[in-house]
Amino acid sequence: MTRYTHTLRSCQSFLLGTSLLLPLALLPACASTPSAQATLAATDTHQEAPLVAEQSRQQQVQQQSKHTDFNTWLMDFRRDAAAQGISPRALSALDTVRYLERVIELDRFQPEFVRPIWEYLDSAVSQARINNGQAKLAEHRQTAMMMEQRYGVPAEIIVAIWGIESNYGSNFGSFSALSAFATLAYDGRRAAFARGELLAALRIIDSGEIAAEEMIGSWAGAMGHTQFIPSSFETFAKDGDGDGRRDIWGSIPDVMASTANYLARSGWQTGEPWGVEVQLPPGFDYSQTERRSSAEWAAQGVQALNGTLPDFSSATVIVPAGAQGPAFMVGPNFHAILRYNNATSYALAVATLSDAIAGRPGIQQPWPRDQLPLTRAQVRELQQALNALGYNVGEADGILGPNTRRGLSAYQRDQGLVPDGFATQTVLERIRGR
(Lines give C-alpha, C1' and ligand atoms only; values in the text may rest on other atoms or scores of the structure.)
Protein backbone atom coordinates (compact mmCIF):
# COMPACT_ATOMS: atom_id res chain seq x y z
CA MET A 1 0.00 0.00 0.00
CA THR A 2 1.38 3.41 -0.89
CA ARG A 3 1.46 6.33 1.48
CA TYR A 4 -1.60 7.79 -0.19
CA THR A 5 -3.70 4.68 0.24
CA HIS A 6 -2.68 4.35 3.84
CA THR A 7 -3.32 8.02 4.36
CA LEU A 8 -6.68 7.59 2.64
CA ARG A 9 -7.51 4.90 5.13
CA SER A 10 -6.07 7.13 7.86
CA CYS A 11 -8.57 9.79 6.87
CA GLN A 12 -11.27 7.13 6.91
CA SER A 13 -10.06 6.05 10.34
CA PHE A 14 -10.13 9.64 11.47
CA LEU A 15 -13.62 10.24 10.14
CA LEU A 16 -14.95 6.82 11.05
CA GLY A 17 -13.61 6.78 14.54
CA THR A 18 -9.96 7.61 15.21
CA SER A 19 -9.16 10.75 17.12
CA LEU A 20 -5.61 11.62 16.10
CA LEU A 21 -4.24 14.02 18.63
CA LEU A 22 -0.49 14.47 18.66
CA PRO A 23 2.29 16.99 18.12
CA LEU A 24 1.88 18.59 14.75
CA ALA A 25 5.14 17.28 13.31
CA LEU A 26 3.62 13.80 13.15
CA LEU A 27 0.19 14.65 11.83
CA PRO A 28 -0.64 14.03 8.16
CA ALA A 29 -2.94 16.05 5.98
CA CYS A 30 -5.83 13.95 4.70
CA ALA A 31 -5.14 15.30 1.22
CA SER A 32 -1.64 13.82 0.91
CA THR A 33 -0.55 12.67 -2.52
CA PRO A 34 0.94 9.30 -3.51
CA SER A 35 4.20 10.88 -4.61
CA ALA A 36 5.00 13.12 -1.67
CA GLN A 37 4.69 13.38 2.09
CA ALA A 38 1.58 15.13 3.33
CA THR A 39 1.92 18.82 3.98
CA LEU A 40 1.95 19.83 7.60
CA ALA A 41 0.89 23.42 7.17
CA ALA A 42 -0.57 25.61 4.46
CA THR A 43 2.41 27.92 4.89
CA ASP A 44 4.97 25.31 3.77
CA THR A 45 5.96 27.21 0.64
CA HIS A 46 8.21 24.44 -0.70
CA GLN A 47 5.10 22.26 -0.97
CA GLU A 48 2.78 24.88 -2.39
CA ALA A 49 3.65 24.56 -6.10
CA PRO A 50 3.39 20.73 -6.23
CA LEU A 51 0.06 20.90 -4.45
CA VAL A 52 -1.31 23.47 -6.86
CA ALA A 53 -0.11 21.38 -9.81
CA GLU A 54 -1.69 18.24 -8.33
CA GLN A 55 -4.99 20.03 -7.72
CA SER A 56 -4.92 21.32 -11.30
CA ARG A 57 -4.38 17.79 -12.65
CA GLN A 58 -7.20 16.46 -10.52
CA GLN A 59 -9.59 19.19 -11.70
CA GLN A 60 -8.64 18.61 -15.33
CA VAL A 61 -9.30 14.87 -15.13
CA GLN A 62 -12.58 15.41 -13.27
CA GLN A 63 -13.72 18.00 -15.83
CA GLN A 64 -13.02 15.54 -18.63
CA SER A 65 -15.00 12.83 -16.82
CA LYS A 66 -18.04 15.08 -16.44
CA HIS A 67 -18.46 15.30 -20.20
CA THR A 68 -18.57 11.55 -20.87
CA ASP A 69 -20.42 8.53 -19.55
CA PHE A 70 -18.47 5.77 -17.81
CA ASN A 71 -18.31 3.39 -20.79
CA THR A 72 -17.03 6.15 -23.07
CA TRP A 73 -14.46 7.13 -20.45
CA LEU A 74 -13.36 3.49 -20.17
CA MET A 75 -12.89 3.21 -23.95
CA ASP A 76 -10.73 6.33 -23.89
CA PHE A 77 -8.73 4.92 -20.99
CA ARG A 78 -8.26 1.62 -22.85
CA ARG A 79 -6.78 3.46 -25.84
CA ASP A 80 -4.48 5.45 -23.57
CA ALA A 81 -3.35 2.30 -21.73
CA ALA A 82 -2.61 0.56 -25.04
CA ALA A 83 -0.54 3.55 -26.11
CA GLN A 84 1.44 3.17 -22.88
CA GLY A 85 2.35 -0.42 -23.68
CA ILE A 86 -0.33 -2.43 -21.90
CA SER A 87 -0.84 -5.69 -23.80
CA PRO A 88 -4.15 -6.73 -25.40
CA ARG A 89 -4.29 -9.66 -22.94
CA ALA A 90 -4.15 -7.34 -19.92
CA LEU A 91 -6.52 -4.85 -21.55
CA SER A 92 -9.10 -7.62 -21.89
CA ALA A 93 -9.40 -7.47 -18.07
CA LEU A 94 -11.24 -4.18 -18.57
CA ASP A 95 -14.10 -6.06 -20.25
CA THR A 96 -15.57 -6.91 -16.84
CA VAL A 97 -14.93 -3.53 -15.20
CA ARG A 98 -18.06 -1.83 -13.88
CA TYR A 99 -18.88 1.51 -12.29
CA LEU A 100 -19.42 0.91 -8.56
CA GLU A 101 -21.64 3.49 -6.95
CA ARG A 102 -20.86 2.02 -3.54
CA VAL A 103 -17.20 2.99 -3.95
CA ILE A 104 -18.18 6.63 -4.42
CA GLU A 105 -20.51 6.47 -1.42
CA LEU A 106 -17.72 5.15 0.79
CA ASP A 107 -15.21 7.63 -0.61
CA ARG A 108 -17.46 10.55 0.29
CA PHE A 109 -18.84 9.22 3.56
CA GLN A 110 -18.24 11.55 6.51
CA PRO A 111 -19.91 10.48 9.76
CA GLU A 112 -21.12 13.01 12.26
CA PHE A 113 -19.09 11.77 15.20
CA VAL A 114 -15.36 11.12 15.51
CA ARG A 115 -14.50 8.02 17.49
CA PRO A 116 -11.86 8.51 20.21
CA ILE A 117 -8.48 6.82 19.85
CA TRP A 118 -9.03 4.60 22.87
CA GLU A 119 -12.15 3.11 21.29
CA TYR A 120 -10.18 2.43 18.11
CA LEU A 121 -7.42 0.70 20.09
CA ASP A 122 -9.96 -1.31 22.09
CA SER A 123 -11.05 -3.01 18.87
CA ALA A 124 -7.76 -2.93 16.94
CA VAL A 125 -5.81 -4.50 19.81
CA SER A 126 -8.52 -6.74 21.22
CA GLN A 127 -7.70 -9.89 23.16
CA ALA A 128 -9.01 -11.98 20.28
CA ARG A 129 -6.64 -10.26 17.85
CA ILE A 130 -3.75 -10.71 20.26
CA ASN A 131 -4.51 -14.42 20.66
CA ASN A 132 -4.88 -14.89 16.91
CA GLY A 133 -1.63 -13.00 16.32
CA GLN A 134 0.26 -15.25 18.71
CA ALA A 135 -1.23 -18.29 16.98
CA LYS A 136 -0.29 -16.98 13.53
CA LEU A 137 3.24 -16.20 14.66
CA ALA A 138 3.61 -19.71 16.08
CA GLU A 139 2.23 -21.20 12.84
CA HIS A 140 4.55 -19.17 10.59
CA ARG A 141 7.45 -18.58 12.97
CA GLN A 142 10.13 -19.98 10.66
CA THR A 143 9.01 -17.74 7.80
CA ALA A 144 8.61 -14.68 10.04
CA MET A 145 12.06 -15.17 11.57
CA MET A 146 13.58 -15.60 8.12
CA MET A 147 12.11 -12.25 7.06
CA GLU A 148 13.26 -10.65 10.30
CA GLN A 149 16.81 -11.76 9.57
CA ARG A 150 16.60 -10.67 5.93
CA TYR A 151 15.03 -7.23 6.45
CA GLY A 152 15.69 -6.42 10.11
CA VAL A 153 12.01 -5.98 10.98
CA PRO A 154 10.82 -7.98 14.04
CA ALA A 155 8.51 -10.91 13.37
CA GLU A 156 5.86 -9.58 15.75
CA ILE A 157 5.72 -6.24 13.87
CA ILE A 158 5.15 -8.06 10.56
CA VAL A 159 2.38 -10.15 12.13
CA ALA A 160 0.83 -7.09 13.81
CA ILE A 161 0.50 -5.26 10.49
CA TRP A 162 -1.05 -8.40 9.03
CA GLY A 163 -3.55 -8.40 11.89
CA ILE A 164 -4.46 -4.73 11.64
CA GLU A 165 -4.68 -4.67 7.83
CA SER A 166 -6.79 -7.77 7.13
CA ASN A 167 -7.33 -9.54 10.46
CA TYR A 168 -4.75 -12.12 9.42
CA GLY A 169 -6.20 -12.61 5.96
CA SER A 170 -9.83 -13.01 6.96
CA ASN A 171 -10.91 -9.68 5.46
CA PHE A 172 -9.25 -8.69 2.19
CA GLY A 173 -12.32 -6.82 1.04
CA SER A 174 -14.76 -7.84 -1.68
CA PHE A 175 -14.28 -5.22 -4.39
CA SER A 176 -12.64 -5.71 -7.77
CA ALA A 177 -9.55 -3.50 -7.62
CA LEU A 178 -9.91 -2.74 -11.32
CA SER A 179 -13.52 -1.61 -10.95
CA ALA A 180 -12.73 0.34 -7.78
CA PHE A 181 -9.91 2.32 -9.40
CA ALA A 182 -11.86 2.81 -12.62
CA THR A 183 -14.78 4.18 -10.62
CA LEU A 184 -12.56 6.54 -8.63
CA ALA A 185 -10.69 7.61 -11.76
CA TYR A 186 -13.95 8.44 -13.51
CA ASP A 187 -15.84 10.07 -10.68
CA GLY A 188 -13.70 10.22 -7.54
CA ARG A 189 -12.05 13.02 -5.61
CA ARG A 190 -8.56 11.91 -6.65
CA ALA A 191 -9.09 10.90 -10.24
CA ALA A 192 -5.49 11.27 -11.46
CA PHE A 193 -4.19 9.10 -8.63
CA ALA A 194 -6.77 6.38 -9.28
CA ARG A 195 -6.04 6.43 -13.00
CA GLY A 196 -2.36 5.83 -12.28
CA GLU A 197 -3.22 2.93 -9.98
CA LEU A 198 -5.47 1.40 -12.62
CA LEU A 199 -2.56 1.48 -15.07
CA ALA A 200 -0.29 -0.09 -12.45
CA ALA A 201 -2.87 -2.84 -11.87
CA LEU A 202 -2.86 -3.63 -15.58
CA ARG A 203 0.94 -3.79 -15.57
CA ILE A 204 0.76 -6.33 -12.73
CA ILE A 205 -1.72 -8.42 -14.73
CA ASP A 206 0.65 -8.13 -17.69
CA SER A 207 3.48 -9.49 -15.54
CA GLY A 208 1.52 -12.67 -14.89
CA GLU A 209 1.83 -12.39 -11.11
CA ILE A 210 -1.91 -12.25 -10.52
CA ALA A 211 -5.02 -12.88 -12.61
CA ALA A 212 -7.46 -10.00 -12.97
CA GLU A 213 -10.32 -11.89 -11.30
CA GLU A 214 -8.14 -12.53 -8.24
CA MET A 215 -7.27 -8.85 -7.81
CA ILE A 216 -9.77 -8.33 -4.99
CA GLY A 217 -9.48 -5.81 -2.18
CA SER A 218 -11.00 -2.91 -0.32
CA TRP A 219 -13.20 -0.23 -1.89
CA ALA A 220 -10.09 1.98 -2.08
CA GLY A 221 -8.21 -0.68 -4.06
CA ALA A 222 -5.91 -2.01 -1.32
CA MET A 223 -5.20 -5.70 -1.91
CA GLY A 224 -3.99 -8.84 -0.23
CA HIS A 225 -3.09 -9.82 3.30
CA THR A 226 -1.36 -6.53 4.11
CA GLN A 227 -3.32 -4.33 1.73
CA PHE A 228 -0.96 -3.02 -0.95
CA ILE A 229 -2.24 -0.91 -3.81
CA PRO A 230 -0.80 -1.57 -7.28
CA SER A 231 1.95 1.07 -7.31
CA SER A 232 3.06 -0.07 -3.88
CA PHE A 233 3.07 -3.67 -5.08
CA GLU A 234 5.30 -2.69 -7.99
CA THR A 235 7.74 -0.89 -5.68
CA PHE A 236 7.84 -2.99 -2.52
CA ALA A 237 6.42 -6.49 -3.11
CA LYS A 238 8.92 -9.35 -2.83
CA ASP A 239 9.03 -13.00 -3.81
CA GLY A 240 9.50 -14.59 -0.41
CA ASP A 241 9.05 -18.24 -1.37
CA GLY A 242 11.26 -18.20 -4.47
CA ASP A 243 8.64 -19.33 -6.99
CA GLY A 244 9.22 -16.35 -9.29
CA ARG A 245 5.95 -14.60 -8.40
CA ARG A 246 5.04 -11.97 -5.83
CA ASP A 247 1.77 -13.30 -4.49
CA ILE A 248 0.46 -11.15 -1.63
CA TRP A 249 -2.90 -12.93 -1.86
CA GLY A 250 -1.92 -16.57 -1.42
CA SER A 251 1.71 -16.85 -0.28
CA ILE A 252 2.46 -16.01 3.35
CA PRO A 253 6.24 -15.86 2.67
CA ASP A 254 5.56 -13.29 -0.06
CA VAL A 255 3.24 -11.35 2.25
CA MET A 256 5.78 -11.23 5.06
CA ALA A 257 8.70 -10.40 2.77
CA SER A 258 6.76 -7.61 1.07
CA THR A 259 5.60 -6.10 4.37
CA ALA A 260 9.05 -6.26 5.95
CA ASN A 261 10.63 -4.78 2.81
CA TYR A 262 8.17 -1.88 2.90
CA LEU A 263 9.15 -1.04 6.48
CA ALA A 264 12.85 -1.56 5.82
CA ARG A 265 12.69 0.80 2.83
CA SER A 266 10.80 3.26 5.03
CA GLY A 267 13.69 3.61 7.45
CA TRP A 268 13.27 0.80 9.97
CA GLN A 269 16.22 0.71 12.38
CA THR A 270 17.17 -2.86 13.26
CA GLY A 271 17.47 -3.49 16.97
CA GLU A 272 15.59 -0.38 18.07
CA PRO A 273 12.13 -0.43 19.70
CA TRP A 274 9.25 1.60 18.27
CA GLY A 275 9.16 3.72 21.40
CA VAL A 276 8.22 3.64 25.05
CA GLU A 277 5.42 4.89 27.27
CA VAL A 278 6.70 7.80 29.35
CA GLN A 279 5.87 9.93 32.37
CA LEU A 280 6.04 13.66 31.67
CA PRO A 281 7.17 16.15 34.31
CA PRO A 282 4.94 18.88 35.77
CA GLY A 283 4.93 21.94 33.54
CA PHE A 284 5.96 20.00 30.44
CA ASP A 285 5.70 22.08 27.26
CA TYR A 286 3.19 20.15 25.15
CA SER A 287 3.58 22.51 22.22
CA GLN A 288 7.01 21.07 21.37
CA THR A 289 7.09 19.37 17.98
CA GLU A 290 10.85 19.01 17.51
CA ARG A 291 12.64 15.70 17.43
CA ARG A 292 15.26 15.42 20.16
CA SER A 293 17.61 12.77 21.46
CA SER A 294 16.62 10.61 24.41
CA ALA A 295 19.21 12.46 26.52
CA GLU A 296 17.62 15.80 25.65
CA TRP A 297 14.15 14.55 26.56
CA ALA A 298 15.53 13.10 29.80
CA ALA A 299 17.06 16.48 30.63
CA GLN A 300 13.52 17.93 30.49
CA GLY A 301 12.38 15.34 33.04
CA VAL A 302 10.84 12.80 30.65
CA GLN A 303 11.09 9.33 32.19
CA ALA A 304 10.22 5.86 30.99
CA LEU A 305 7.19 4.54 32.81
CA ASN A 306 9.08 1.29 33.35
CA GLY A 307 12.83 0.83 33.00
CA THR A 308 14.99 3.30 31.11
CA LEU A 309 14.48 5.40 28.01
CA PRO A 310 15.62 3.82 24.73
CA ASP A 311 18.78 5.39 23.32
CA PHE A 312 17.28 7.33 20.42
CA SER A 313 19.29 9.92 18.55
CA SER A 314 16.01 11.41 17.31
CA ALA A 315 12.66 10.98 19.03
CA THR A 316 9.35 12.75 19.49
CA VAL A 317 7.05 12.91 22.49
CA ILE A 318 3.42 12.38 21.54
CA VAL A 319 0.20 12.69 23.54
CA PRO A 320 -2.53 11.16 21.34
CA ALA A 321 -5.31 12.14 23.76
CA GLY A 322 -3.89 15.31 25.22
CA ALA A 323 -2.28 15.95 28.58
CA GLN A 324 -4.83 13.82 30.45
CA GLY A 325 -3.95 10.65 28.50
CA PRO A 326 -0.91 8.43 28.01
CA ALA A 327 2.35 9.89 26.69
CA PHE A 328 4.92 8.16 24.51
CA MET A 329 8.45 8.84 23.29
CA VAL A 330 8.66 7.40 19.78
CA GLY A 331 11.68 6.86 17.58
CA PRO A 332 12.48 6.16 13.91
CA ASN A 333 10.62 2.85 13.82
CA PHE A 334 7.36 4.47 14.84
CA HIS A 335 7.86 6.87 11.95
CA ALA A 336 8.52 3.90 9.64
CA ILE A 337 5.11 2.49 10.63
CA LEU A 338 3.62 5.92 9.91
CA ARG A 339 5.01 5.62 6.38
CA TYR A 340 2.88 2.48 6.02
CA ASN A 341 -0.18 4.34 7.29
CA ASN A 342 0.21 7.97 8.25
CA ALA A 343 -2.05 7.98 11.31
CA THR A 344 -0.85 7.94 14.90
CA SER A 345 -3.76 5.70 15.90
CA TYR A 346 -2.68 3.13 13.31
CA ALA A 347 0.99 3.22 14.25
CA LEU A 348 0.14 2.94 17.95
CA ALA A 349 -2.16 0.00 17.21
CA VAL A 350 0.58 -1.83 15.30
CA ALA A 351 3.14 -1.04 18.00
CA THR A 352 1.00 -2.14 20.93
CA LEU A 353 -0.37 -5.20 19.13
CA SER A 354 3.18 -6.29 18.37
CA ASP A 355 4.11 -5.84 22.02
CA ALA A 356 1.13 -7.94 23.11
CA ILE A 357 1.93 -10.69 20.57
CA ALA A 358 5.48 -10.80 21.94
CA GLY A 359 4.21 -10.90 25.54
CA ARG A 360 5.29 -7.38 26.48
CA PRO A 361 3.01 -5.16 28.61
CA GLY A 362 0.54 -2.80 27.01
CA ILE A 363 -0.36 0.84 27.64
CA GLN A 364 -0.53 1.44 31.38
CA GLN A 365 -1.66 5.05 31.79
CA PRO A 366 -5.44 5.51 31.54
CA TRP A 367 -7.17 7.18 28.63
CA PRO A 368 -9.50 10.12 29.38
CA ARG A 369 -12.58 8.04 28.62
CA ASP A 370 -14.88 10.62 30.16
CA GLN A 371 -14.14 13.04 27.33
CA LEU A 372 -16.91 13.24 24.74
CA PRO A 373 -15.90 13.54 21.08
CA LEU A 374 -16.84 16.63 19.14
CA THR A 375 -19.26 16.30 16.26
CA ARG A 376 -18.17 17.49 12.85
CA ALA A 377 -20.48 20.49 13.28
CA GLN A 378 -18.80 21.31 16.59
CA VAL A 379 -15.35 21.02 15.02
CA ARG A 380 -16.45 23.47 12.32
CA GLU A 381 -17.73 25.80 15.04
CA LEU A 382 -14.38 25.52 16.84
CA GLN A 383 -12.50 26.28 13.63
CA GLN A 384 -14.68 29.28 12.84
CA ALA A 385 -14.18 30.63 16.37
CA LEU A 386 -10.42 30.20 16.21
CA ASN A 387 -10.31 31.97 12.84
CA ALA A 388 -12.43 34.80 14.26
CA LEU A 389 -9.99 35.15 17.15
CA GLY A 390 -7.04 35.44 14.79
CA TYR A 391 -5.72 31.87 15.06
CA ASN A 392 -5.69 31.04 11.39
CA VAL A 393 -6.63 27.38 11.04
CA GLY A 394 -7.74 27.48 7.42
CA GLU A 395 -11.07 26.30 6.05
CA ALA A 396 -13.66 25.26 8.63
CA ASP A 397 -14.09 21.74 7.24
CA GLY A 398 -14.96 19.84 10.42
CA ILE A 399 -11.71 17.85 10.37
CA LEU A 400 -9.25 18.14 13.24
CA GLY A 401 -6.14 18.48 11.09
CA PRO A 402 -2.70 19.89 11.93
CA ASN A 403 -3.61 23.53 11.33
CA THR A 404 -6.59 23.28 13.68
CA ARG A 405 -4.48 21.71 16.41
CA ARG A 406 -1.77 24.28 15.91
CA GLY A 407 -4.27 27.12 16.25
CA LEU A 408 -5.98 25.47 19.22
CA SER A 409 -2.62 24.95 20.93
CA ALA A 410 -1.80 28.65 20.47
CA TYR A 411 -5.20 29.62 21.88
CA GLN A 412 -4.70 27.35 24.89
CA ARG A 413 -1.28 28.80 25.54
CA ASP A 414 -2.57 32.37 25.38
CA GLN A 415 -5.38 31.44 27.80
CA GLY A 416 -2.97 29.91 30.31
CA LEU A 417 -4.21 26.40 29.55
CA VAL A 418 -2.15 23.31 28.80
CA PRO A 419 -1.33 23.75 25.07
CA ASP A 420 -1.83 20.13 24.05
CA GLY A 421 -4.05 20.85 21.03
CA PHE A 422 -6.65 18.39 22.34
CA ALA A 423 -10.13 19.45 21.23
CA THR A 424 -12.70 18.79 23.95
CA GLN A 425 -16.22 19.88 24.82
CA THR A 426 -14.69 21.92 27.67
CA VAL A 427 -12.46 23.88 25.31
CA LEU A 428 -15.36 24.48 22.93
CA GLU A 429 -17.53 25.75 25.80
CA ARG A 430 -14.74 28.11 26.87
CA ILE A 431 -14.46 29.56 23.39
CA ARG A 432 -18.24 29.89 23.14
CA GLY A 433 -18.24 31.89 26.36
CA ARG A 434 -15.43 34.21 25.37
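This passage describes a sheet, a helix and a loop residue in a predicted model.

The sheet is open and contains 4 strands. Their order is E4-E3-E6-E5, and the pairing is antiparallel. Strand E4 (303-304) and strand E5 (316-318) form the edges. Each of these two strands pairs on one side only. E5 is joined to strand E6 (residues 327-330) by 3 bridges, and the two run antiparallel. Within this pairing, Thr316 has Val330 in E6 as its bridge partner.

Helix H13 covers residues 252-265, 14 residues in total. From its first C-alpha to its last, H13 reaches 20 Å. This is close to the 20 Å expected at 1.5 Å a residue. Of the 14 residues of H13, 11 are buried, so the helix is largely enclosed by the rest of the structure. The buried set includes Ile252, Asp254 and Asn261. Val255, Met256, Ala257, Ser258, Thr259 and Ala260 are also buried, as are Tyr262 and Leu263. Just after H13, Gly267 adopts a positive phi of about 105 degrees.

Val418 lies in the loop between helix H18 (402-414) and helix H19 (425-432). Its relative accessible area is 41%. Val418 is therefore partly exposed, as this value falls between the 20% limit for buried and the 50% limit for exposed residues. Beyond residues up to four places away in sequence, Val418 touches Tyr286, Ala323 and Gln412. Val418 and Gly322 are 96 residues apart in sequence. In space, their C-alpha atoms are 8.9 Å apart.

Key. Residues numbered from 1 in each chain as written. Predicted model: local features only at pLDDT ≥ 70, side-chain atom pairs only at ≥ 80, totals over all residues. Heavy atoms only, no water. Pairing = 2+ DSSP bridges. Buried < 20%, exposed > 50% of the residue type's maximum accessible area, 1.4 Å probe, protein only. Contact = heavy atoms within 4.5 Å. Expected span 1.5 Å × (residues − 1).
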